[in-house]
Amino acid sequence: RGRETSTRGDRGAPWSAGADTDANRANLQEWYDACQQVRSLFTPDLREQLEARALQGDVMAGYLYATWPLEQLDVGMAFEQQFRWEGLSRDFSQANLDRGEVAGLIAFAQSYMNGSFTERNSELALAFAIAATNCNVDAIAFLGFMTKRIDNLSSSNDPRDQERLQFALVESERLGAICMR
């Protein structure tokens with residue numbers, strides 16, 4: 001609202017823009033309204049419901065819980081809240097892996113890419129992303145990351161980058177074995 005928009009068109013993303021500024025504004029307003037509607041669903045009550053269902057073994061609830069970082073922490077309880085969320089997110093994602101569920105691969109790929117419930121680690125992020133892709137998951141969420149990371153590592157003259165790429169490929173094969181269960 002009141003801001004300039006990029007003229008870059010990316011697969012129908014909300015910031016896609018054309019020559020018609022009125023159409024651009026209408027498109028952005030629709031996206032804004034839709035985002036507000038979706039955002040209103042993400043309440044503390046929903047988080048509690050997801051946690052309860054994930055504790056009962058619900059794969060999707062565990063994935064959603066793990067990929068929904070805490071937005072606001074209470075003063076005086078911030079460390080405990082963050083630490084608990086990170087631990088449960090790892091537990092739920094590991095449980096999904098243990099069950100042979102690709103949701104575990106995706107959650108870990110996203111976390112290693114962004115550093116949400118794990119530390120950032122580009123090679124592990126790449127390994128999990130490749131494994132998920134090899135399990136026939138449409139990896140649009142991390143396709144750009146994978147492509148850029150593989151291109152950077154494979155075109156580098158640094159032998160350590162070649163080792164990083166080999167690490168990610170070998171690790172992805174091991175991780176991707178969950179698809180065979």
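Here are a few questions and answers about a pocket and a helix in this predicted model.

Residues are numbered from 1 along each chain as its sequence is written. Local features need pLDDT of at least 70, side-chain atom pairs count only at pLDDT 80 or more, and totals for chains, interfaces and linings use all residues, while side-chain values use heavy atoms and leave out hydrogens and water.

Reader: Which element gives the most residues to the lining of the largest pocket?
Author: Good place to start! A helix here is a DSSP run of H or I with at least four residues, numbered from the N terminus. Elements giving two or more residues to the lining are H1 (21-41), H2 (44-55), H3 (59-66) and H4 (78-98). With four residues, the top contributor is H2.

Reader: Why does the span of helix H6 agree with its number of residues?
Author: The expected span is 1.5 Å times one less than the number of residues. H6 has 13 residues (122-134), so it should span 18 Å, and its end C-alpha atoms are indeed apart by 18 Å.

Reader: How many of the 13 residues of H6 are buried?
Author: Buried means under 20% relative accessible area, with a 1.4 Å probe and protein chains only. Among the buried residues are Leu124, Phe128 and Ile130. What covers them includes H4, H5 (102-114), H7 (143-155) and H8 (159-175). H6 is mostly covered, and its count of buried residues is 10.

Reader: Which residue with a positive phi follows H6?
Author: At the start of H6, a side-chain oxygen of Asn121 reaches to within 3.1 Å of the backbone nitrogen of Glu123. After H6 comes a residue with phi near 65 degrees, and that residue is Asn136.

Notes. Buried < 20%, exposed > 50% of the residue type's maximum accessible area, 1.4 Å probe, protein only. Contact = heavy atoms within 4.5 Å. Polar contact = N/O pair within 3.5 Å; in protein donor to acceptor, adjacent residues only side chain to side chain.
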